[in-house]
There are 2 protein chains.
Amino acid sequence: MKLFGFWRSLATLRVRIAMNLKGIERDEVMVDLMAGAQHAAEFRAINPQGVVPALIDGDGPPLFQSLAIIEYLEERFPQPPLLPADPRGRARVRGLAQVVACDAHPLIVPRVREYLERDLDADESQRLAWIRHWLGEGLRTIEAHLEDDADSGAYCHGDTATVADICLVSLAVGYRFFEGRLEEFPNAAAVVERCMAQDAFERAHPLRQPGAPHTR
Amino acid sequence: MKLFGFWRSLATLRVRIAMNLKGIERDEVMVDLMAGAQHAAEFRAINPQGVVPALIDGDGPPLFQSLAIIEYLEERFPQPPLLPADPRGRARVRGLAQVVACDAHPLIVPRVREYLERDLDADESQRLAWIRHWLGEGLRTIEAHLEDDADSGAYCHGDTATVADICLVSLAVGYRFFEGRLEEFPNAAAVVERCMAQDAFERAHPLRQPGAPHTR
């Protein structure tokens with residue numbers, strides 16, 4: 001499979017982790033978001049939205065949106081499962097994943113930060129406050145669920161990693177990147193630590209990808 | 001089932017349409033977002049994120065996030081299906097739904113508009129421009145898919161309504177509410193018109209709900 005991504009992209013990180021957990025081989029093409037390569041006609045032909053990730057499996061049309069891609073991988077390669085078996089459990093895991101992938105992360109992506117700077121004159125400290133606020137709100141919600149729900153376990157849902165953990169890790173990586181203090185969310189931080197101790201998560205990390213700065 | 005929503009909420013609209021299409025009875029509790037009822041401890045106990053919709057089915061814990069709720073309804077009540085049968089088709093429909101529910105709609109919800117006003121001093125015309133920009137970007141992406149993908153039909157995917165159409169309709173309703181011109185996206189506008197001619201879509205409309213202003 002061919003994955004179009006970028007080292008820094010948190011949505012690509014999610015797909016990378018899912019593929020690692022399921023042992024699916026990939027070639028990853030880096031679309032340089034910092035150089036604007038996502039806006040080129042060549043990439044728009046792959047994903048009209050002009051965002052990463054996009055995934056090509058065989059000769060099928062490109063798949064888009066990280067959670068849709070992960071559900072596809074789950075259906076095509078069911079082992080190990082990234083969703084629980086029961087509908088209520090699946091709903092909870094999908095809900096937690098969407099707290100991140102719908103309500104937190106899309107607010108801080110480059111196109112939004114650029115709009116804040118260009119159209120609303122937000123300076124760097126205002127943009128940083130914005131980023132930390134929305135990623136923090138996502139973490140606060142996940143933390144409340146981890147603390148209160150009977151289904152919480154060693155991971156977000158029970159004792160194996162699901163797509164909720166994949167999304168939580170992407171949120172935590174972003175929060176730390178923008179110097180947020182993950183320790184304020186102790187249950188979430190513990191799940192993230194447990195995940196990052198696994199090779200499938202660790203080698204998907206943005207700073208382990210080609211093109212990333214060597215700061216680790 | 002008990003649905004916690006609000007007449008104006010576009011995410012609640014999505015769940016309402018899905019329930020109507022599947023013929024699932026509901027009691028809808030209106031959480032007054034304009035009075036801040038979503039922040040009350042009473043509602044936070046139902047959904048810690050403090051947003052609508054939330055759904056309670058029987059004595060189970062509340063379900064949250066509109067797309068997770070719709071996937072749950074799809075698993076529990078498979079007829080009529082709101083997702084195609086094949087994994088690639090499901091991925092495309094979920095991807096289109098997420099273009100709306102992840103990358104467009106969450107940028108314009110009340111909590112974000114309040115942040116823009118309170119912390120970034122955005123005036124009303126700037127907030128309106130922001131809303132139209134992000135909803136418009138979502139429509140532009142859907143339009144490109146409808147125009148170019150072989151799988152497009154009378155609806156977003158083939159000739160029956162799916163969760164992609166549900167999401168597109170929620171986007172279109174919001175765009176019109178903020179005086180955007182849906183006609184700029186002719187393929188999307190045609191799908192929306194086809195949907196709104198159906199009772200299941202029409203009676204889910206925000207302005208048909210209790211508490212809505214009588215402006216239709």
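**Two chains, one axis**

In this predicted model, A:Cys102 is the residue of chain A that comes closest to the rotation axis, with its C-alpha at 1.9 Å.

Trainee: By what turn can chain A be laid on chain B?
Mentor: The fit has an RMSD of 0.0 Å. The shift along the axis is 0.0 Å. The two copies are thus related as by a two-fold rotation axis. The turn is 180°.

Trainee: What share of the interface residues of chain A are also interface residues in chain B?
Mentor: Chain A puts 35 residues into the contact, and chain B puts in 35 residues. The copies meet through the same surface, because the share is 100%.

Trainee: Which element gives the most to the side of chain A that touches chain B?
Mentor: Strand S4 (63–64), helix H3 (66–76), helix H4 (87–101) and helix H6 (124–148) of chain A each supply at least two residues. By class, this side has 18 nonpolar, 8 polar and 9 charged residues. The top contributor gives 9 residues, and it is H4(A).

Trainee: How do H4(A) and helix H3 of chain B run, roughly parallel or roughly antiparallel?
Mentor: Their axes lie 8 Å apart. The packing angle is about 160°. Angles over 145 degrees count as antiparallel in this rough sense, so H4(A) and H3(B) are roughly antiparallel.

Trainee: What is the handedness of the crossing of H4(A) and H3(B)?
Mentor: Here H4(A) brings residues including A:Arg90, A:Arg94 and A:Gln98. H3(B) meets them with residues including B:Glu71, B:Tyr72 and B:Glu75. This helix contact has 6 nonpolar, 2 polar and 5 charged residues. The crossing is right-handed.

Trainee: Now within chain A. How many Å separate the centres of domain 1 and domain 2 of chain A?
Mentor: Domain 1 of chain A covers 2–80, and domain 2 of chain A covers 87–202. The centres are taken over C-alpha atoms. The separation is 20 Å.

Trainee: Which element gives the largest share of the side of domain 1 of chain A that touches domain 2 of chain A?
Mentor: The contact takes 12 residues from domain 1 of chain A and 14 residues from domain 2 of chain A. On the domain 1 side, helix H1 (10–22) and H3 of chain A give two or more residues. That side has 9 nonpolar, 2 polar and 1 charged residues. The largest share is 8 residues, from H1(A).

Definitions and conventions
Residues are numbered from 1 along each chain as its sequence is written. Chains are lettered from A and ligands numbered from 1 in the order in which they are written. This is a predicted model: local features need pLDDT of at least 70, side-chain atom pairs count only at pLDDT 80 or more; totals for chains, interfaces and linings use all residues. Two residues are in contact if their C-beta atoms, placed from the backbone, lie within 7 Å. Helices (H or I, at least four residues) and strands (E, at least two) are DSSP runs, numbered from the N terminus. Ala, Val, Leu, Ile, Met, Phe, Trp, Tyr, Cys and Pro count as nonpolar, Asp, Glu, Lys and Arg as charged, and the others, Gly among them, as polar. Axes are lines fitted to C-alpha atoms, for helices over the stretch in contact, and angles run from 0 to 180 degrees between N-to-C directions. Angles under 35 degrees count as roughly parallel, over 145 as roughly antiparallel, 65 to 115 as roughly perpendicular and the rest as oblique. A crossing is left-handed if the near helix is turned anticlockwise from the far one by less than a right angle, and right-handed if clockwise. Domain bounds come from an automatic or database domain assignment. Copies are superposed by least squares on the C-alpha atoms of residues with pLDDT of at least 70 in both.
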